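Subject: Structure for you to look at

Hello,

Here is the structure we talked about. Please open it first and keep it beside you while you read the notes underneath.

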Amino acid sequence: MQIKKHIPNLITLLNLTCGLLAVIAIFRDQEAEAFWFVCLGIFFDFWDGFFARKYNVSGDLGLQLDSLADMVTCGVVPGLMIFKLIENLQIDSTSPYFLTEDTWYMGFVPYLGFLITLASCYRLAKFNIDTRQTDSFIGLPTPANAMFIMSLPMIRFSYEDQWAGMLVKNPFILLAITIISAYILNAEIPLFSLKIKEFTWAKYKMQILFLIGSLFSFSLLGFVAIPLIIISYVLVSLISNKMMAKE
């Protein structure tokens with residue numbers, strides 16, 4: 001029993017480890033590796049809660065540890081990714097946003113990426129004391145936002161000379177994404193939870209269908225599907241909320 005008690009926290013620490021490895025990968029300009037480390041960290045983030053419920057060992061320590069791990073993997077890492085994406089544009093002599101006297105503003109624009117980190121910190125702290133978020137979410141969960149942000153360099157690599165890739169090379173598009181992300185993380189928007197606690201169709205029909213649709217979209221569109229999936233997640237939640245309000 002003592003071993004089972006520590007399994008969820010060990011899995012949470014694996015999430016934190018993935019976040020740290022993602023930070024190192026970003027500093028080494030290994031954006032693809034950082035993306036996959038964040039994906040792995042989010043995978044661990046799902047299973048730590050699953051095993052905590054399974055072994056009935058949920059507690060305040062696990063709750064705080066989970067938030068601290070998410071703060072790195074889903075808060076620090078996406079903020080740092082936006083910082084590096086914009087910074088790389090200002091040091092690229094072939095970029096129209098190369099840092100010169102005429103583009104002096106590019107000197108501080110990359111730092112605005114950390115608005116995501118600040119908003120994620122606030123969202124995680126609020127989540128721990130918000131009793132409304134036991135079976136659903138208020139505002140976009142940090143893992144979903146992290147996946148959105150971490151998909152951006154993958155889109156740039158996959159669609160280098162196409163419209164999607166060109167958008168990611170525009171610092172003002174990245175800045176707009178940053179501001180919207182910071183807002184929606186803490187917006188008073190009820191969103192359904194994708195964590196399936198029991199594998200029952202009747203209770204989790206919407207979640208199962210959404211996950212199947214997401215996998216199909218990713219297989220069809222590749223990395224471009226990830227931002228579309230996150231946007232669809234918000235839209236489906238809004239539609240579901242309106243339908244429930246009418247009932």
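The notes below go through helix packing, salt bridges and a few single residues.

Please keep in mind that this is a predicted model.

Helix packing

Two packed helices are described by the angle between their axes and the distance between the axes. Three pairs are described here, and helix H3 takes part in each of them.

Start with helix H2 (residues 31-54) and helix H3 (residues 60-90). Their axes lie 11 Å apart, at an angle of about 160°. That angle is over 145 degrees, so H2 is roughly antiparallel to H3. The crossing of these two helices is left-handed. On the H2 side, the residues in contact are Glu 31, Ala 34, Val 38, Gly 41, Ile 42, Asp 45 and Asp 48. They face Asp 66, Asp 70, Thr 73, Cys 74, Val 77, Met 81 and Asn 88 of H3. Sorted by class, the contact of H2 with H3 holds six nonpolar, three polar and five charged residues.

Next come H3 and H4, where H4 covers residues 115-129. The angle is again about 160°, with the axes 8 Å apart. H3 is therefore roughly antiparallel to H4. The crossing of H3 and H4 is right-handed. H3 brings a long list of residues to this contact, including Leu 63, Ser 67, Met 71, Cys 74, Gly 75 and Ile 82. From H4 come Ile 116, Thr 117, Ser 120, Cys 121, Leu 124 and Asn 128. By class, the contact of H3 with H4 has nine nonpolar residues, seven polar and one charged.

The remaining pair is H3 and H5, where H5 covers residues 142-158. The axes of H3 and H5 cross at roughly 30° and come within 9 Å. The crossing is left-handed. Among the residues that H3 contributes are Asp 70, Thr 73, Cys 74, Val 77 and Leu 85, and among those from H5 are Thr 142, Ala 146, Ile 149 and Arg 156. The contact of H3 with H5 is made up of 12 nonpolar, two polar and two charged residues.

Salt bridges

How many salt bridges does a search of the whole structure find? The search finds three.

One of them joins Lys 84 to Asp 29, with the closest N and O atoms 3.5 Å apart. Lys 84 sits in helix H3, while Asp 29 is in the loop between helix H1 (2-27) and H2, so the pair links distant parts of the chain, 55 residues apart. Is each partner buried or exposed? Lys 84 counts as buried because its relative accessibility is 10%. Asp 29 counts as partly exposed because its value is 41%.

Lys 84 also forms a salt bridge with Glu 87, again at 3.5 Å from N to O. Both residues lie in helix H3, three residues apart, which is about one turn of the helix. Asp 29, Lys 84 and Glu 87 are thus linked in a network of salt bridges.

There is also a salt bridge between the side chains of Glu 31 and Arg 156, at 3.8 Å from N to O. Glu 31 is in helix H2 and Arg 156 is in helix H5, 125 residues apart, and the pair links distant parts of the chain. Glu 31 is buried because its relative accessibility is 6%. Arg 156 is buried too, because its relative accessible area is 13%.

Single residues

Ser 120 is in helix H4. Its relative accessibility is 0%, so Ser 120 counts as buried. Beyond its neighbours within four places in sequence, Ser 120 is in contact with Met 71, Cys 74, Gly 75, Thr 142 and Leu 185.

Gln 90 is in helix H3. Gln 90 counts as buried because its relative accessibility is 11%. Which residues does Gln 90 touch, not counting residues up to four places away in sequence? They are Tyr 97, Phe 98, Leu 99, Met 106, Gly 107 and Pro 110.

Phe 108 is in the loop between H3 and H4. At 44% relative accessibility, Phe 108 counts as partly exposed. The C-alpha atoms of Phe 108 and Phe 50 are separated by 42 Å, and the two residues are 58 residues apart along the chain.

Regards

Note on methods: Residues numbered from 1 in each chain as written. Predicted model: local features only at pLDDT ≥ 70, side-chain atom pairs only at ≥ 80, totals over all residues. Heavy atoms only, no water. Helix = DSSP H or I, 4+ residues; strand = E, 2+ residues; numbered from the N terminus. Buried < 20%, exposed > 50% of the residue type's maximum accessible area, 1.4 Å probe, protein only. Contact = heavy atoms within 4.5 Å. Axes fitted to C-alpha atoms, helices over the stretch in contact; angles between N-to-C directions. Parallel < 35°, antiparallel > 145°, perpendicular 65-115°, else oblique. Left-handed = near helix turned anticlockwise from the far one by under 90°. Nonpolar A, V, L, I, M, F, W, Y, C, P; charged D, E, K, R; others polar. Salt bridge = Lys/Arg side-chain N within 4 Å of Asp/Glu carboxyl O.
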